[in-house]
Amino acid sequence: MTAATSPTSDRPDVLVVGGGIGGLSTAFALTRAGLSVRVLERAKEFGEVGAGIQLAPNCTRILDDYGLLDEAKGLGVLPENIVMRDALDARELTRLDLADLERRYGYPYMVIHRSDLHALFLRACRRAGVDLLTDQKVVGYENTGAGARVTLADGRTQEAPLVVAADGLHSTARATLVGDDVVSSRYVAYRAAVPIEEVRDNGIAEKDVVVYIGPRCHFVQYPLRGGEMLNQVAVFESPTADSGIERWGGPDELDAAFAVTCDPVRKGIPLMWRDRWWQMLDRDPIDTWVHGRVALLGDAAHPPLQYMAQGAIMAIEDGWVLAQHLSRQQVGASPNWSAALAAYQAVRVEHCHRVQTTARAWGRLWHLDDLPRRQRNTIMRARDTYDYGFTDWVYGPTALTPDEEPAMFTPVPLSSAALEDDGAGLAGEGAR
Ligand SMILES: Cc1cc2nc3c(=O)[nH]c(=O)nc-3n(C[C@H](O)[C@H](O)[C@H](O)COP(=O)(O)OP(=O)(O)OC[C@H]3O[C@@H](n4cnc5c(N)ncnc54)[C@H](O)[C@@H]3O)c2cc1C
């Protein structure tokens, strides 16, 4: 293996394009594996936009392996439960007991400010000696005999035995190497992080992640920064998504989308940031992320709809898996780049494909209306809080080979009698 990091090396072992959570966590992991790594970020400064992020045990397990879990815990919050409620009547549908979840998986479920997580990885990269460069927009990729070359916007080039493209949803690498388009879900997300004392009277659960699911909309709340702040995400189907307007989903649509929701949700809507919103886009899963010595990673490889809260986690897992395969090479020898890349692709594609397609299905389920909504509620209420059939395949240990990947959970259909019983009960309460 190539000797340890030299920040000033002209030709690092690995060029990582993109200094988001995926790029920085991967750069750190590869440096730990004994490789010299340079990050090329197009922005003038490293940073993250947005508010909170949820980190399930499949991520906190990796943070622990990196020696970063205690630092992350000091910045985030360990909530007590994830509670799912109906957005129209606020009734509880199902919950996860996060203390029990931690016992099952061995690692906690955490919520943290995105900028705190990003800064955590940035500090870790600096300590590890990653060469961190900003104002470096990569516009081209090509394979060479001994690796790959990137071209920057100013015409300069850089080369390395391996190039990792972690340049996000609108990845230039993906456009160059795959050429597919993003897929619009027609949904849009608004975010906010507000001081907790401003919202104490809104019926919030200060120690839980609460997800209200409703017709064509949902609303998420959880505490941040030691419980001093409340994170909110409001997501709805935009009536202008197909109108040809470039910035569809504007703030004029937000209030109308949540007008008939329950009190705790409606009280949260005026607090949403209205100067920025996120159109919910993903891409169809693809089987090939590795093109010679250029490897796609994170959202560039597998951008999901965020409904499973696994997008950033998958990026962090990608970097951990790639580094594990590179660090398993014989000490003293050159890395077997092709073997490591093949192993990375063999295990990560299948898992991320599942997350992407499950997230789409999750979105359809959350946003149901009328009878399908009531049937969904019946099924969700019938779930045992301590049934982990839905979570084992995703919160369990990150697989390094395809045979370690647990089988997909197949839901057992409820009897139609149960659906009819509860449907009648709900109709009697005047539910929509
Ligand atoms: C509303 C919402 C909520 C979410 N909640 C969660 C959650 O709870 N948990 C979770 O795990 N995930 C969540 N996600 C998903 C998560 O945010 C993303 O999957 C994750 O940030 C992707 O990280 P990335 O590093 O791959 O890409 P990005 O964060 O997009 O980073 C890409 C980086 O590459 C840089 N770049 C781009 N192009 C170039 C170029 N040509 N040259 C050089 N640099 C370039 C960019 O400036 C950026 O710094 C959520 C997403 C949304 C929208």
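**Pocket and cavity linings in a predicted model**

Q: Which elements each supply at least two residues of the lining of the second largest pocket?
A: In this predicted model, strand E12 (183-195) and helix H10 (337-366) each supply at least two residues of that lining. E12 gives the most, with 4 residues.

Q: What makes a residue such as Tyr187 or Arg360 part of the lining of the second largest pocket?
A: A lining residue has an atom within 4 Å of a grid point of the space. Tyr187 and Arg360 are listed in the lining of the second largest pocket, so each has such an atom. The others are Val183, Ser184, Ser185, Asp282, Leu305, Tyr307, Gly363, Arg364 and His367.

Q: Why are 3 residues of the lining of the second largest pocket called charged?
A: Asp, Glu, Lys and Arg count as charged. The lining includes Asp282, Arg360 and Arg364, and these therefore make up the 3 charged residues. The lining also has 4 nonpolar and 4 polar residues. The pocket holds about 160 Å³ of space.

Q: Why is the space of about 50 Å³ called a cavity?
A: In a cavity a 1.4 Å probe fits but cannot get out, whereas a pocket is open. The space of about 50 Å³ is the largest cavity, so the probe cannot leave it. The structure holds 1 cavity of 30 Å³ or more. Of the 12 residues that line the largest cavity, His351, Pro397, Thr398, Ala399 and Glu405 are the closest to its centre.

Q: What is known of the lining of the largest cavity by class and by element?
A: By class, this lining has 5 nonpolar, 4 polar and 3 charged residues. H10 and helix H12 (392-395) each supply at least two of its residues.

How values were computed. Residues are numbered from 1 along each chain as its sequence is written. This is a predicted model: local features need pLDDT of at least 70, side-chain atom pairs count only at pLDDT 80 or more; totals for chains, interfaces and linings use all residues. Side-chain values use heavy atoms; hydrogens and water are left out. On a 1 Å grid over the protein atoms alone, a cavity is a set of points where a 1.4 Å probe fits but cannot get out, and a pocket is an open set with protein on both sides within 12 Å along at least five of seven lines; lining residues have an atom within 4 Å of a point. Grid points are joined across faces, edges and corners, and a volume is the space filled by probe spheres set on the points.
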